[in-house]
Amino acid sequence: MARPTKNNAEYFTHDADMRNDVKVKALRRRFQHTGYAVWCFLLEVLTDGEHFEIDFGELNRELLAADFDVSAEQLQEIVDYCCKINLLQLTDDNRLYSEAHQKRFASLITKRERDRERLARLINKRQGTNEDENAAETPETNNYRSDNPHSKVKENRVKESKLKESKEEKSNMLYPYQDIIDRWNSICVSLPRVTKLNDNRRQKIKCRCDEWGKSPEIWLQTAEEIFKRVQASDFLKGSSNSAWTATFDWLFSNSSNCIKVMEGNYDNKRGSRSVQQGDVNLGVGEFYDKDGRRTYGTGKATIPPAAPPRPSEKHVWDSSTSNWVLL
């Protein structure tokens, strides 16, 4: 009996900085830790689902809510918001899926199909029942009928290598890697220069460009605006007590750092590490808004005047304990 076709997976890769994705950050701000937990639960369920999608009808929604330890109404609200910001997609017949999540498994499904085809040909050849044996020889059939069973594997590896090189060449033509580095070196003159463009930096630049927009003009314009704010920030140029300075790799390492710079978290007027404001020492990223309220980041949290300075960018204010908490 043939083994059933497998159209799901046993695990998925969880990126170390997934929490800093701009859409995931929006979900976290809206629903706090519950929203992030439900998002992770949904990724697990989708990974196990056939074709990486699940039924989100009324009955299954109740079952999922019970499994996630949230109410059905809260689960529906979180899913609706995820669909609104395009983290999830929902079909007219209540099939829930994530386009980005499915794309991650495209190569896996392709490999499985290729392996099944190769195995079927091998079985047919061994059993002498291959209906194509009497067909005219072609380069493809010759490859599959090679006396060396490893020759096809080697050929596929060569093709995959050439395909990868072709994709890299197209990516280099599409994304203005060197132009962005040149702008960093010409604008951020007070910070370390970038002298080498490697694959790691290309990947980081590509990720940030994809977040900024869809055209080279937008990418370069956004990069220039960010670089100008970096150069204008005393804190990013090393005025803090630790004498730390920003670098190109720090800025592009994740979407969070770029967003913070664009939102003005490091602007001189908003304060830097241990900046004195009246009788209060402001911590990292803290500032007073136009209403005189002490806050940080997006300005959502209200920090009591007597609270200690924010220790780092990774600390958030916990109003229930009146303390800074390290994420």
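1. Let's start with a cysteine. Cys209 is buried, at a relative accessible area of 0%. What is the closest cysteine sulfur to the one in Cys209? That would be the sulfur of Cys207, 9.4 Å away, which is too far for a bond. Keep in mind that this is a predicted model.

2. Cys207 gives the matching picture from its own side: the closest cysteine sulfur belongs to Cys209, and at 9.4 Å the gap is too far for a bond. A disulfide needs the two sulfurs within 2.5 Å. Cys207 counts as partly exposed, because its relative accessibility is 29%. Searching the whole structure turns up 0 disulfides.

3. Another cysteine to look at is Cys82, which sits in helix H3 (residues 72-84). Is Cys82 buried or exposed? Its relative accessibility is 0%, so Cys82 counts as buried. Leaving aside residues up to four places away in sequence, Cys82 touches Leu27, Trp39, Leu87 and Leu88. There is also a pairing across the sequence here: Gly35 is 47 residues from Cys82 along the chain, yet their C-alpha atoms are 9.5 Å apart in space.

4. Now Thr47, in helix H1 (residues 22-48). With a relative accessible area of 2%, Thr47 is buried. Where does its side chain find a polar partner? A polar atom of the Thr47 side chain lies 2.7 Å from the backbone oxygen of Leu43. Beyond residues up to four places away in sequence, Thr47 is in touch with Asn8, Ala9, Tyr11, Phe12, Phe52, His101 and Phe105.

5. On to the strands. One open sheet has 3 strands in the order E1-E3-E2, and the pairing is antiparallel. Strands E1 (53-55) and E2 (89-90) stand at the edges; each has a single partner strand, so one side of each lacks a neighbour in the sheet. E1 and strand E3 (residues 95-97) run antiparallel and are joined by 3 bridges. If you want a register check, Glu53 has Tyr97 in E3 as its bridge partner.

6. There is a hairpin worth a look as well. Strand E8 (residues 315-318) and strand E9 (residues 323-326) run antiparallel, with 4 bridges between them. Which residue stands opposite Trp317? It is Trp324 in E9. The hairpin has 4 residues between E8 and E9, and Ser322 in the turn shows a positive phi of about 55 degrees.

7. Finally, the packing. The largest nonpolar core has 28 residues, and Ile180, Trp184, Phe227, Val230, Phe248 and Leu251 touch the most other members. Two or more residues of this core come from each of helix H8 (177-187), helix H9 (199-212), helix H10 (216-232), helix H11 (235-239), helix H12 (248-252) and helix H13 (255-262). H10 gives the most, with 6 residues. As for Phe248, its contacts, not counting residues up to four places away in sequence, are Ile180, Ile181, Trp184, Val194, Ile205 and Phe227. A second core, separate from this one, has 27 residues, among them Ala26, Leu43, Ile78 and Ile85.

Note on methods. Residues numbered from 1 in each chain as written. Predicted model: local features only at pLDDT ≥ 70, side-chain atom pairs only at ≥ 80, totals over all residues. Heavy atoms only, no water. Buried < 20%, exposed > 50% of the residue type's maximum accessible area, 1.4 Å probe, protein only. Contact = heavy atoms within 4.5 Å. Polar contact = N/O pair within 3.5 Å; in protein donor to acceptor, adjacent residues only side chain to side chain. Pairing = 2+ DSSP bridges. Core = buried A, V, L, I, M, F, W, Y, C linked by side-chain atoms within 4.5 Å.
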